[in-house]
Amino acid sequence: MAARLMNAQAQVCKLGKHVVDPMARQFHASCYTASKVALSKFDSDVYLPYDKLTKRLDVVRSRLNRPLTLSEKVLYSHLDDPANQEIERGTSYLRLRPDRVAMQDATAQMALLQFISSGLKKVAVPSTVHCDHLIEAQIGGVKDLARAKDLNREVYDFLATTCAKYGLGFWKPGSGIIHQIILENYAFPGLLMIGTDSHTPNGGGLGGLCIGVGGADAVDVMADIPWELKCPKVIGVNLTGKITGWTSPKDVILKVADILTVKGGTGAIIEYHGNGVDSISCTGMATICNMGAEIGATTSLFPFNQRMADYLKSTGRSGIAAEAKKYQTKVLTADKNCEYDELIEINLDTLEPHVNGPFTPDLAHPISKLGENSKKNGYPMDIKVGLIGSCTNSSYEDMGRCASIAKDAMSHGLKSKIPFNVTPGSEQIRATIERDGFSEVFDRFGGTVLANACGPCIGQWDRQDVKKGDKNTIVTSYNRNFTGRNDANPATHCFVTSPEMVTALSIAGRLDFNPLKDELTGADGKKFKLKAPFGDELPASGFDPGQDTYTAPPPVGDSVAIAVDPKSQRLQLLEPFDKWSGQDLTDMTVLIKVKGKCTTDHISAAGPWLKYRGHLDNISNNLFIGATNIENNEMNKIKNQRTGKWGNVPEVARDYKANNIRWVAIGDDNYGEGSSREHAALEPRHLGGRAIIVKSFARIHETNLKKQGLLPLTFANAADYDKIQPTSKISLLNLGSLAPGKPVECEIKNGDKVDRIKLNHTLNDLQIGWFKAGSALNRMKELAQ
């Protein structure tokens, strides 16, 4: 019976066309009526899916006949066809049915433009858009928000009307950062959600599998098409002891980043467990999961516990907490004796506060070693700016603990020595910390409360205190610190740490201050040590929701008009990419051979370029401008192989496209790490790229390339990277027989010399169909027709 129900469910949705099998209808209905506890207060007609998850999990469990990790339980209970799905960690591709989709305003533009192109009339799953990326930090929260609304009116109007027409919830600018809004309103234990932002895993702090993707993946789910994910491996992190004193949840992930590095989590879910978990608040667990993106992890997850239940109750979701408790053992906790592909042990009793950086989030310094290491490596010792908040660390608990440090310092007559910026994660957090006096404390401390938005964390920072190129140090409680990430200054040394440590270092103003042992001199000339931070996990008086910033879609959006001005510099309707010709790709030119780290920030910069995220042609003018050319060790300067002249990368790519010259780009290890932005895949495709050949890929970016019809290929022998020169001609042969697991033959011509090498790929049959059709969206249209 159960198997038949699962098979029927697998047939229910194909591009919105529903079968009439009564068993399928029975199962589909049971998914949404068994619980009668709504997914959220904004989704009153969609209910918690625990009954559905349990039935699917029973089918999988009977097949695998082994103990399951928590990650496996949540993931496999969302399989489209659990009775027949091949399940092998690290190998098989899973077809999944996520519960919801979330998009931030920068990535939502392109995702919704693609959805409009699909011709569908309404999203098939609960979906939301969050306006958080386009607000630049300049003066302070109120003025910066007003300026952003004016500058981005065209984009906000497009997003609002598109949401209304197609049935998405719309969170207005000023509402807060997408991940904080999700945690406060939508995340629940056992959730499977995809989000068009790499830090979507933040929801793992509430026991959900929340996975960052590109916009094309979001379109699939909104179109009721099963979403594909390579079956992740599972890395277990066993936490023992308790977090106390200056050590914070942030230090857990900073330590994990030290252990695994920026690519050690690739293709895996990080699953935390052990008796130390209960010493971490729900929002602290979210912090840890959020920054798991920096180690390449598919996502991160904690088991459901009382700390999560307390947070759910405090945010008005007691019904969800009660329902989750019923399924705690069955679905929301790992089985005893389950096996992990790798196991890490961390003793919280001995974990020291960490400060990681600069230029990469896995360069770890215990606070006791930070000063020594900084001097040895020539880092600027004086700190110029301290910044707390962002989606990683802007909870009520974070703000309270930082306020306690600030009050302690001010009781001795000290304030922050440097500019101190505070980013509330949401309107609810802003209103609550204002009501409870934290904002006033930060103001007296010398701080500036910025808008409820991403701000400096993503480069939306009009920084004026240093000139471009000036070597300087900043410390932040953010999650990412790649070169130029925060202020577009490649000489800025950014260190990421806990908000408590940022606050302490801002008082001293130097990297060689250790608040655990070093003394400060008060205004009265007396020496003192800062007290260990403390703060309430949740507000005793409950959260203040602040201003209402949510707009629900109308029941029917057919009459809503969406206008995109053909002359707009911000928005541009998409034209389909060309289909593969059926011929081998021969004698392609190398656009650029990238040296070293190449994140999505290097491929498609953020900051001032965010305003063009809805206009593919305009934003393509930032293609590879941050990548280092191996030929001259310079950024944004390559030789045009057609003319022999030097030019910037986008200019040369446009010249190749105009002259029908197909090109490839060559990269190093972990190519495309960082943000989920699919523009880093769209831009190469738009400007004539056909393949990206590297030593290894970051997960999200590799998928994004596949979605846009590019061939993501890796050297079978990493040393073959050295055989390709900027002047080489590259041919990809026998593409007519392209097949899963079969290497691609590559011919490299360097003058009269010809080398033949093998290139690997991870394309499956479905993804090969995307390549042949020109893109996943093209293939969707073919199937619909």
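**View 1. Four strands of this predicted model form an open, parallel-paired sheet in the order S12-S11-S10-S13.** Strands are DSSP runs of E with at least two residues, helices are runs of H or I with at least four residues, and both are numbered from the N terminus; two strands pair if DSSP finds at least two bridges between them. Strand S12 (299-301) and strand S13 (342-347) stand at the edges with a single partner strand each, so one side of each lacks a neighbour in the sheet. From one strand to the next, the twist averages 20°.

**View 2. Strand S10 (residues 233-240) runs parallel to strand S11 (residues 268-273), joined to it by 6 bridges.** Glycine 236 has glutamate 271 of S11 as its bridge partner. Helix H10 (residues 249-260) packs on the sheet and touches S10, S11 and S13, contact meaning heavy atoms within 4.5 Å. The direction of H10 makes about 135° with that of S13, where angles run from 0 to 180 degrees between N-to-C directions and axes are lines fitted to C-alpha atoms, for helices over the stretch in contact.

**View 3. Helix H24 (residues 765-773) and helix H25 (residues 776-784) cross at roughly 95°, their axes coming within 7 Å.** The two helices, H24 and H25, are therefore roughly perpendicular to each other, a term that covers angles of 65 to 115 degrees. Gly769, Trp770 and Ala773 of H24 make the contact with Ala776, Asn778, Arg779 and Glu782 of H25.

Residues are numbered from 1 along each chain as its sequence is written. Local features need pLDDT of at least 70, side-chain atom pairs count only at pLDDT 80 or more, totals for chains, interfaces and linings use all residues, and side-chain values use heavy atoms, with hydrogens and water left out.

Terms used
Angles under 35 degrees count as roughly parallel, over 145 as roughly antiparallel, 65 to 115 as roughly perpendicular and the rest as oblique.
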